[in-house]
Amino acid sequence: MAEAAGRKEYDYVIVGAGSAGCALANRLSADPDVRVCLIEAGKKDSSLLVRMPAGVGSLLKEENDYNWGFTTEPQKHMNGRRLYWPRGRGWGGSSSINGMIYIRGHARDYDQWRQLGLSGWSYADVLPYFRRSESYEGGADAFHGDSGPLNVTDSPMSNPVYRAFIKAGEEAGHKTTPDFNGAQQEGFGPYQRTIHAGERWSASFAYLRPIEGVRLNLEVVSTGLVTKVLIEDGKAVGVEAVEGKGGAAQTIRAAREVIVCAGAVQSPQILMLSGIGDADALGRFGIETKVDAKGVGKNLQDHLDVTVIHEMTQKLSAYSQQAGLKKLAVGINYLARKKGAGADNFLQAGAFLKSREGLDRPDIQLHLVNAMMVDHGRVDMKRDGFTVHACQLRPESKGTISLRSADPFDHPVIDPNYLEAEEDRRVMREAVKMVREVCGQSSLSPYRGAEFLPGESVKTDEDIDAFVRRTGETIYHPVGSVSMGVGDDAPLDDQLRVKGVSGLRVVDASVMPTLIGGNTNAPTIMIAEKAADMILGRTPLAADPPELEAV
């Protein structure tokens, strides 16, 4: 951690260089008189696999320098399975290993936050921060910005399978939409992506790399694991960090605030190791309680995902584009021109659907992957095919993050408690049925081969339920484990301040009181943009309610 050796006290100490941490480091260090230290347990995002969009498949498969590779506890309602949970490590955090889909969620998700008593978090309040963060290639309008750090591009729809999928959705009686982040989320359409000029445009590339070595008031400490927040007389005054297990502890002090941005798994872990959590649970590990905050680690929510996979009758999938010697050509083309299959995430179309009538917003999301993707891509499928991922957007089941031990190097106990609620089981069942109906439409006939999963033997509701229990996985959107709220059970207030401690905030996906209807990277960056104004005492951007499509 040599980067911080010359200066041990800063105005702000940010824990975690993920999506939120990178954004905050940029916004807080914009004032040259403000000293900022950004601490990250992982390394700089220098790997070609991070920069190249097609590298996502390799990054997700297993624990590596950029992926913590967590595992859940046995899931009671999923045949006792331990599920694999990839989470980002290193500069950019999960934005350096995700599928690069830019989705904000539904407007009513944020209005619901406001209805929970969280002032300043309605859709009209947060939309200006989405726009401020974004540089959309389609230009600025009521929904999009064109001058922010985060480059957002439209999917080129470069394969006929994507267009056929959208047409099949229309044939099945669903709506279409040109912009999931615009006036109408519901329907089939193309995804917007955080890919720019052939490269992954992570939060690191958007916010951190442009100021690296330029702003002398910003120090970045890589490979430094924060073991606890230091609290003196009820105020967070800094953090303790070590470089590697058994390394010497170093104290890094914060004159103004400590801001924890370690994500939905590790932010609650760090708080609990610091003495902020359920006093009874902390006592079992010999941790002195600083704040008896029983809500830390509770309210964990995630999108459970199930896949319908078909073989493909034409050689149009990612497999044929990269099979054999073609893989070498793909690499050369990418290195030389940043073009071709290496610049693609193979995920350009999807949908937001309602599982039943009467809902005020979609509760199912589909992602079409132009490849046969089994078990996070960890099963090597040497044939052409396509995969439709289906997830339930608003699960009623909630889980927990808890300590395994007082050792900060031990992964915490992750229990998402999937499928506890009957409504969750119903929605997943309907999702499989709806995807099968779409896949059976005539527009997909030129490409559709045999159904690989669930397979023709899965027919009844009971069969589908068993299939979901047997094969369901995370689609990488955990939130809520250090949520903001007005009640005593919520660890944070609506300014993202930890209740009971001054000078300490949490800013990442863990603060969401409810899971938004879509991918969580863009909302996490929005939260950081909004938090920067809170931390600096600035007047919030003016609320700007747009015209939305009637439900």
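**Loops, cores and helix packing**

Me: In which loop does Asn417 lie?
Reply: In this predicted model, Asn417 is not a glycine, yet its phi is positive, at about 60°. As for its place along the chain, the loop that holds Asn417 is the one between strand 22 (413-415) and helix 12.

Me: Is Asn417 buried or exposed?
Reply: A residue counts as buried when its relative accessible area is under 20%. The relative accessible area of Asn417 is 17%, so this loop residue is to be described as buried.

Me: What is the relative accessibility of Ala197?
Reply: Ala197 is found in the loop between strand 9 (195-196) and strand 10 (199-200), and its phi, near 50°, is positive although Ala197 is not a glycine. Most residues other than glycine have a negative phi. Ala197 counts as exposed, because the threshold for that class is over 50% and its relative accessibility is 60%.

Me: Which peptide bond is cis, with omega near 0°?
Reply: Most peptide bonds are trans. The bond in question leads into Pro454, a residue of the loop between strand 23 (448-453) and helix 13. With omega near 0°, the cis bond is the one from Leu453 to Pro454.

Me: At what angle do helix 12 and helix 13 pack?
Reply: The contact brings Arg425, Met428, Arg429, Val432 and Lys433 of helix 12 against Asp461, Ile464, Asp465 and Val468 of helix 13; by class, these residues are four nonpolar, no polar and five charged. The axes of helix 12 (residues 422-439) and helix 13 (residues 461-471) are 10 Å apart. The two helices are roughly perpendicular to each other, because the range for that term is 65 to 115 degrees and their angle is about 105°.

Me: How far apart in space are Val306 and Arg469, C-alpha to C-alpha?
Reply: Val306 belongs to strand 17 (residues 304-312) and is buried, with a relative accessible area of 2%. Beyond its neighbours within four places in sequence, Val306 is in contact with residues that include Met428, Val432, Phe467 and Val468. Although 163 residues separate Val306 from Arg469 in sequence, their C-alpha distance is 9.3 Å.

Me: How are helix 4 and helix 5 oriented to each other?
Reply: Ala107, Tyr110 and Asp111 of helix 4 meet Tyr123, Val126 and Phe130 of helix 5, a contact that divides into five nonpolar, no polar and one charged residue. The axes of helix 4 (residues 107-115) and helix 5 (residues 123-133) are 8 Å apart and form an angle of about 125°. This angle falls between the roughly perpendicular range, 65 to 115, and the roughly antiparallel range, over 145, and therefore the orientation of helix 4 to helix 5 is oblique.

Me: Which helix gives the most to the largest nonpolar core?
Reply: The largest nonpolar core has 90 residues, and those with the most contacts inside it are Leu24, Trp121, Ile276, Leu504 and Val507. The helix that contributes the most to this core, with nine residues, is helix 14 (residues 521-536).

Me: How many residues of helix 1 are buried?
Reply: The buried set includes Ser19, Ala20, Gly21, Cys22 and Leu24. These buried residues of helix 1 pack against several elements, among them strand 1 (9-15), helix 7 (203-208) and helix 14. Helix 1 (residues 19-28) is mostly covered, and of its 10 residues the number buried is nine.

Me: Which residue just after helix 8 takes a positive phi?
Reply: Helix 8 (residues 263-273) is mostly covered, with 11 of its 11 residues buried, and one of them, Leu271, is in contact with Ile276. The residue that takes a positive phi, of about 95°, just after helix 8 is Gly275.

Me: What is the radius of gyration of the protein chain?
Reply: The protein chain has 14 helices and 25 strands. For 551 residues the globule rule gives 24 Å, and the chain comes close to this, so it is as compact as a globular protein of that length, with a radius of gyration of 22 Å.

Technical notes
Residues are numbered from 1 along each chain as its sequence is written. This is a predicted model: local features need pLDDT of at least 70, side-chain atom pairs count only at pLDDT 80 or more; totals for chains, interfaces and linings use all residues. Side-chain values use heavy atoms; hydrogens and water are left out. Buried means under 20% relative accessible area, exposed over 50%, partly exposed in between (1.4 Å probe, protein chains only). Helices (H or I, at least four residues) and strands (E, at least two) are DSSP runs, numbered from the N terminus. A nonpolar core is a set of buried Ala, Val, Leu, Ile, Met, Phe, Trp, Tyr and Cys residues joined through side-chain atoms within 4.5 Å. Contact means heavy atoms within 4.5 Å. Axes are lines fitted to C-alpha atoms, for helices over the stretch in contact, and angles run from 0 to 180 degrees between N-to-C directions. Angles under 35 degrees count as roughly parallel, over 145 as roughly antiparallel, 65 to 115 as roughly perpendicular and the rest as oblique. Ala, Val, Leu, Ile, Met, Phe, Trp, Tyr, Cys and Pro count as nonpolar, Asp, Glu, Lys and Arg as charged, and the others, Gly among them, as polar. The radius of gyration is taken over C-alpha atoms; the globule rule is 2.2 Å times the number of residues to the power 0.38.
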